[in-house]
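Welcome! Open your viewer, pick a cartoon view, and follow along one selection at a time.

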Amino acid sequence: MRSLNRFAEMKRSGEKIALLTAYDAPQAQAQQQAGIDAILVGDSVGVNILGYSSEREVTLADVAHHTRAVRRGAPETFIISDLPFATYDTPEQAVASAKLLQQAGADAVKFEGAFPELVQVLGTLGIPVCGHLGYEPQHCERRVHGKTFEEAKRIFSDARALDDAGVFMLVLELAPAELAAAISHAIKAPTIGIGAGPATDGQVLVFPDVLGYAEKNFRHNRRYAEVGATMREAASTYLGEVRAGLFPTLANCSSMSADVLAQFEADILERRG
């Protein structure tokens, strides 16, 4: 369901909102079939799919490419796409970047940091914005943000400013549970936590983390499958069967009809003669 108002209604009714990241059509299709509330095409695509060393390497073209793939896989699901690092440094740049992602299939965009002026500018053009506070992968070190009084006060104030500017949703990443709860009660926009405790209005996780692509796990994550181990096992089994001559068999291919085969073999013999 691609209704922007649905998320506010879910917050008012106390219904939890479930988001996942997705980066390609099969992932998106599976999530749509499961009934996921919204899909985030995150800049996490860089580290998790493209082999980049950090989110800072992700380009606008990367996110647009993966947004198009996700939209093809989930035509009926609400899609939020990340504005990558250095693509929203000015209002003009933010507008151009957001419009490109809209054209690729995004219903809304997300950016990191407390920039209420960008929310207002994009909002006047009908571009919904999801905010992102706490740990900001594009801008700061990976740790819990908001454990000191000064940090907590700043993040709380930033959340209020973004809410007043008109964000329709706010991601809180690696923030103390108490701070996330206070923000969730203080602002109108639904809060979406990742490593921010159970009191937020919804949750988001990185799909490859959920699927167990890599051996490394995170405290905030729950592995609901072990796809990484399954992929390695499948590749190893395939390798062994090819080398042993066990795959393919005639069951994996097509054969000529008897009359065509006879004609073909006769032709070969004639050429040899």
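Before you start, keep in mind that this is a predicted model.

**Stop 1: the seam of the barrel.** Select strand 7 (residues 191–194) and strand 8, which run parallel and are joined by two bridges. Within this pair, I192 stands opposite G202 of strand 8.

Keep strand 8 (residues 202–205) on screen and add strand 1 (residues 17–21): four bridges pair them in the parallel sense. Show L20 as sticks, and you will find L205 of strand 8 opposite L20.

**Stop 2: the whole barrel.** Now show every strand. Eight strands form a closed barrel in the order 1-2-3-4-5-6-7-8, with parallel pairing. On average, neighbouring strands of this sheet are turned by 25° against each other, ignoring direction.

**Stop 3: another pair in the wall.** Select strand 3 (residues 78–82) together with strand 4 (residues 108–110); three bridges join these parallel strands. Label S81, and look to V109 in strand 4 for its bridge partner.

**Stop 4: two helices.** Select helix 7 (residues 149–165) and helix 8 (residues 177–186). How do their axes cross? They come within 10 Å and cross at roughly 25°. Angles under 35 degrees count as roughly parallel, so helix 7 and helix 8 are roughly parallel to each other. Their crossing is right-handed.

To see the contact, show side chains for A152, I155, F156, A159 and R160 in helix 7, which meet L179, A182, I183 and A186 in helix 8. Coloured by type, the residues of this contact divide into eight nonpolar, no polar and one charged.

Definitions and conventions
Residues numbered from 1 in each chain as written. Predicted model: local features only at pLDDT ≥ 70, side-chain atom pairs only at ≥ 80, totals over all residues. Heavy atoms only, no water. Pairing = 2+ DSSP bridges. Axes fitted to C-alpha atoms, helices over the stretch in contact; angles between N-to-C directions. Parallel < 35°, antiparallel > 145°, perpendicular 65-115°, else oblique. Left-handed = near helix turned anticlockwise from the far one by under 90°. Contact = heavy atoms within 4.5 Å. Nonpolar A, V, L, I, M, F, W, Y, C, P; charged D, E, K, R; others polar.
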